[in-house]
Amino acid sequence: MSTDDTPKERKKERKKTNMGRFISFSFLTSHPLLLLLIIFPIIIIIQQSKPAIGLPLSTNSRWIVDENGHRVKLACVNWVSHLEPVVAEGLSKQPMDMLSKRVVDMGFNCVRLTWPLYLATNDSLASLTVRQSFQKLGLLEAIGGIQSNNPSIVDLPLIKAFQAVVASLGNNNVMVILDNHISKPGWCCSNSDGNGFFGDQYFNPDLWIKGLTKMATIFNGVRNVVGMSLRNELRGPKQNVKDWYRYMQLGAEAVHAANPEVLVILSGLNFDKDLSFVRNQAVNLTFTGKLVFEAHWYGFTDGQAWVDGNPNQVCGRVVDNVMRLSGFLLEQGWPLFVSEFGADLRGNNVNDNRYLNCFFGVAAELDWDWALWTLVGSYYLREGVIGLNEYYGLFDWNWCDIRNSSFLERISSLQSPFRGPGVFETGLHKVIYHPATGLCVQRKSFLDPLTLGPCTESEAWSYTPHKTISLKGAYFCLQAKHVGKPAKLGIICTDCGSTWEIISDSKMHLSSKADNGTTVCLDVDSSNTIVTNTCKCLSRDKTCDPASQWFKLVDSTRSSTTTKSFFQFNPILDLPGKDFIWKFFGLF
């Protein structure tokens, strides 16, 4: 401290500072436009900050909600822990806490953590230490990796190591869905693996209920465990609807009795593709507000259909089937959790790539909850192969780098809810979503062309009964002008070029008329500019790829995070915080 820094001097300095603050505020209040520029961004930030999730979760019609009744969208990733070692994959490669943090960094709010039934029902297995489990399988190199990266668990019993993973995720505010993936530890699934349906070799219903009860009890009071999936991919020659109702209802009651706070998640038949029987016969449970259904959908679910057929027609046919088998539940007022989907992230699998374009469009439109397969970069041991590379995995083989960063950017568009209880930042509107990129149509100004950009910065559009696509709160509508040229915004919205039909089997082509009368479709060029081109792939051509022309008009109540100036013609009366602004200046 300086010798002349006396209490008297400090008092003078505080007086100067306070006077400066007073003068500054007086100056700002006498210049209201300047104060508007300062206050308005603060209002935006306050409004758009994400509140903490209030646990436990429950259901409200088709939505999963927190204790305040606000929607919580499950944007999960599957983390495998059901194979022979019965240890969460990757712990020989990276520290557990680092992996939990990476889950958060990648934008996921939840993990679907798989476990084999025998972990809860076979005491000799559950009491094995991590070291002993790997030693029995001859995985000595993996032991060294765990010793190096996660020394605290190497001599823990398997069940305690499993709990440690859950705790690590909880410490990083990641929710967990416990998924009973299989009975006997190992890779899943086939029709003949003895784990498929009640009464199979490794699937004793009484033992299953005992195991569910034990796991529900162990994690009773563990706040980040928000749900339990009763069984993965029921299948095989013994599957039938009568036993599904009998045992799934018993399992649901057992879980709820042992842990009333968790969501109870029920899978369907035929590898979790078929819940059609629930349409006309409701599940009969003694509790309410906790029931969620789950379904799986992969490209290979339909074999090589995406390669062998026209993508528009295949997408339309497959989506109709998904809606018939499971998607109808949303319409009936039940949450549907698509707990497994994914693709070869090397990017060279045509079947998977075409499927993903269709999946992203449906996932945005229906705004369902989901879990991506998978976090895993490689396995300790899978189907007899040590260190098998998982090409569906977000991580690379060594669990260091992201396998496909562009996919991660793309899926970020689905990680936040478009709508639902509590998602009322602005009025109901449409966003124009582009599934192939995970981006939305936006504009920078009146003079610049429309482009693709983050959906968080998307415009608010409306699709009118006259089939015009208009900016909400403004007089501008989307117009087609010339083939191969940018789409425009105009104010004369009654001509043919302002009318947009939703065409093709995929229901993802937006079609209009150019000035010369040519039928065109909305498209994206190499610079992400929105243009109109001749419509692609409307015939049966299976070699054609329509992805650049696929768009979805998605219902949303999210507001844009981008603040635009008056010159960008956003009607300021519709801006967040408008009442405060106008009342503050006496202008309202």
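This briefing walks through the sheets, a few individual residues and a surface patch of the structure above. Please keep in mind that the model is predicted. Its strands include a closed barrel of eight with parallel pairing and an open sheet of five with antiparallel pairing. Strands 13, 14 and 15 add further antiparallel pairs.

**The barrel**

- Going round the closed barrel, the eight strands follow the order 3-4-5-6-7-8-9-10, and they pair in parallel. Ignoring direction, neighbouring strands of this sheet are turned by 30 degrees against each other on average.
- For a closer look at one pair, take strand 4 (residues 110–116) and strand 5 (residues 175–182), which are parallel and share seven bridges. T114 has D179 in strand 5 as its bridge partner.
- Helix 10, covering residues 241–258, packs on this sheet. The helix touches strand 6 (225–229), strand 7 (263–267) and strand 8 (291–296), and its direction makes about 160 degrees with that of strand 7.

**The hairpin and its next partner**

- Strand 13 (residues 429–434) and strand 14 (residues 439–442) run antiparallel and are joined by two bridges. Opposite H434 you will find L439 in strand 14.
- These two strands, 13 and 14, form a hairpin with four residues between them. In the turn, G438 has a positive phi of about 75 degrees.
- Strand 14 also pairs with strand 15 (residues 451–453), again antiparallel, through three bridges. Here C440 has G453 in strand 15 as its bridge partner.

**The open sheet**

- Five strands make up this open, antiparallel sheet, in the order 19-24-23-22-21.
- Strand 19 (485–486) and strand 21 stand at the edges; each has a single partner strand, so one side of each is left without a neighbour in the sheet.
- The partner of strand 19 is strand 24 (residues 530–533), and two bridges join this antiparallel pair. One pairing to look up is K485 with its bridge partner T532 in strand 24.

**F134, a residue in a helix**

- F134 lies in helix 6, which spans residues 130–136.
- Is F134 buried or exposed? With a relative accessible area of 0%, F134 is buried, because the cut-off for buried is under 20%.
- Leaving aside neighbours within four places in sequence, F134 is in contact with P85, V87, L139, A142, I143, I146 and Y380.
- One of these contacts, V87, is 47 residues away from F134 along the chain, and the C-alpha atoms of the two are separated by 9.2 Å.

**V222, a residue in a loop**

- V222 sits in the loop between helix 9 (205–218) and strand 6.
- V222 has a relative accessible area of 28% and is therefore partly exposed, as that class runs between the 20% and 50% cut-offs.
- Along the chain, V222 and V262 are 40 residues apart, while 9.9 Å separates their C-alpha atoms.

**I492 and a nonpolar surface patch**

- Which residues make the nonpolar surface patch of about 420 Å²? Y475, I491 and I492 make this patch.
- I492 is found in the loop between strand 20 (488–490) and strand 21 (501–503). Strand 21 is one of the edge strands of the open sheet described above.
- I492 is exposed, with a relative accessible area of 57%, because exposed means over 50%.

Technical notes: Residues are numbered from 1 along each chain as its sequence is written. This is a predicted model: local features need pLDDT of at least 70, side-chain atom pairs count only at pLDDT 80 or more; totals for chains, interfaces and linings use all residues. Side-chain values use heavy atoms; hydrogens and water are left out. Patches are made of residues with over 30% relative accessible area and no salt bridge: like charges are joined within 9 Å, nonpolar side chains (Val, Leu, Ile, Met, Phe, Trp, Tyr) within 5 Å. Accessible areas come from the Shrake-Rupley method with a 1.4 Å probe; for residues, only the protein chains shown count as cover. A salt bridge is a side-chain nitrogen of Lys or Arg within 4 Å of a carboxyl oxygen of Asp or Glu. Buried means under 20% relative accessible area, exposed over 50%, partly exposed in between (1.4 Å probe, protein chains only). Contact means heavy atoms within 4.5 Å. Two strands pair if DSSP finds at least two bridges between them. Axes are lines fitted to C-alpha atoms, for helices over the stretch in contact, and angles run from 0 to 180 degrees between N-to-C directions.
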